[in-house]
Amino acid sequence: MEGDELYHAHPPADPAGYSMAELLSLARGQGLLASPVAMPEPGLVEELESGRPVLVAVRLPSIYVQQRSLPGGDIPLLGIARNTLIDRAGRVSEAGELAMVAHYLLVVGYEDDRFVVVEPVMGYRTISARRLARYRRFFDDASIVFSVPETAASTPVS
């Protein structure tokens with residue numbers, strides 16, 4: 001089932017988005033094992049090394065997840081100015097507790113002090129471990145670990 005199809009078949013109870021409980025139910029309904037845990041960074045790395053992606057609850061500046069974006073992200077000089085403007089606006093938002101939103105990121109990888117996340121609005125991105133920890137603090141490192149059932153994992157794909 002595609003994401004849009006799933007969303008329309010099972011809309012969130014709150015128009016602001018899905019709760020962790022709703023996400024657990026949806027994942028389990030799709031045949032996944034889904035375990036809710038409070039997981040600081042070392043546990044996150046361990047799960048990733050075991051091949052299990054982790055959904056993390058974050059509270060971050062809305063400018064980072066808005067559907068509208070400033071043009072020029074791929075143009076060298078314009079991209080630098082654009083990214084600097086967005087980063088500064090995000091820092092002001094975070095420092096002043098303005099326009100902060102609850103959101104989820106699916107953490108799928110890491111290298112050194114950076115994590116690779118899939119973000120529903122902007123797609124694949126990287127984020128520093130320090131920034132991710134700061135955004136997760138509000139929800140006390142709430143996470144959902146996903147895996148496939150043992151029998152499904154051992155069944156060969158033809």
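**Close-ups of a predicted model**

**View 1. Asp112 and its acidic neighbours.** Asp112 sits in the loop that links strand S3 (100-111) to strand S4 (114-119). Keep in mind for this and every later view that the model is predicted. With 68% relative accessible area, Asp112 is over the 50% cut-off, so this residue counts as exposed. Which residues join Asp112 in a negative surface patch? The partners are Glu41, Glu111 and Asp113.

**View 2. The whole chain, for orientation.** Before zooming in further, here's the general layout. The protein chain has six helices and six strands. Reading from the N terminus, the order is α-α-β-α-β-α-β-β-β-α-β-α. How much of the chain is buried? Of its 158 residues, 32% fall in that class.

**View 3. Inside the largest nonpolar core.** This core is built from 18 residues. Look for Leu44, Val56, Val58, Val107, Phe115 and Leu132, the ones with the most contacts inside it. Helix H3 (41-49), strand S2 (54-61), S3, S4 and helix H5 (129-136) each supply two or more residues to this core. Which element gives the most? That would be S2, with four residues.

**View 4. Val45 on helix H3, across from Val107.** Helix H3 carries Val45. At 17% relative accessible area, Val45 is under the 20% cut-off and therefore counts as buried. Val107, one of the core residues with the most contacts, lies 62 residues away from Val45 along the chain. In space, the C-alpha atoms of Val45 and Val107 are 9.6 Å apart.

**View 5. Leu60 on strand S2, with Ser93.** Leu60 belongs to strand S2. Is Leu60 buried or exposed? Its relative accessibility is 5%, which is under 20%, so Leu60 counts as buried. Now pick out Ser93: there are 8.7 Å between its C-alpha and that of Leu60. Along the sequence, 33 residues separate Leu60 and Ser93.

**View 6. Arg52 and Glu47, one of two salt bridges.** The structure has two salt bridges, and this view shows the pair made by the side chains of Arg52 and Glu47. The N to O distance between Arg52 and Glu47 is 2.4 Å. As background, oppositely charged side chains can pair when their charged atoms come close. How accessible is each partner? Arg52 has 28% relative accessibility, between the 20% and 50% cut-offs, so this residue is called partly exposed. Glu47 comes in at 14%, under 20%, which means it is buried.

**View 7. Arg136 and Asp141, another salt bridge.** Here the side chains of Arg136 and Asp141 meet, with 3.9 Å from N to O. Why does Arg136 count as buried? Because its relative accessibility is 2%, and buried means under 20%. Asp141, at 21%, is not under that 20% cut-off, so Asp141 goes down as partly exposed.

**View 8. Asp140 and Asp141, with positive phi.** Swing the focus from the Asp141 side chain to the backbone. Asp141 is part of the loop between H5 and S6, and Asp140 lies in the loop between H5 and strand S6 (142-147). What are the phi values here? For Asp140, phi is near 50 degrees, and for Asp141 it is near 60 degrees. Both values are positive, in residues other than glycine. For context, most residues other than glycine have a negative phi. On the accessibility side, Asp140 is exposed because its 60% relative accessible area is over 50%. Asp141, at 21%, is partly exposed.

**View 9. Gln30 and Val148, far apart in sequence.** Where is Gln30? Look in the loop between helix H2 (20-29) and strand S1 (33-38). Gln30 has 42% relative accessible area, between 20% and 50%, so Gln30 counts as partly exposed. From Gln30, find Val148, which is 118 residues away in sequence. Measuring C-alpha to C-alpha in the model, Gln30 and Val148 are 10.0 Å apart.

Key. Residues numbered from 1 in each chain as written. Predicted model: local features only at pLDDT ≥ 70, side-chain atom pairs only at ≥ 80, totals over all residues. Heavy atoms only, no water. Patch = residues over 30% accessible without salt bridge, like charges linked within 9 Å, V, L, I, M, F, W, Y side chains within 5 Å. Areas by Shrake-Rupley, 256 points an atom, 1.4 Å probe, with all protein chains shown as cover. Salt bridge = Lys/Arg side-chain N within 4 Å of Asp/Glu carboxyl O. Lys, Arg positive; Asp, Glu negative; His and termini not counted. Charge placed at Lys NZ, Arg CZ, Asp CG, Glu CD. Buried < 20%, exposed > 50% of the residue type's maximum accessible area, 1.4 Å probe, protein only. Core = buried A, V, L, I, M, F, W, Y, C linked by side-chain atoms within 4.5 Å.
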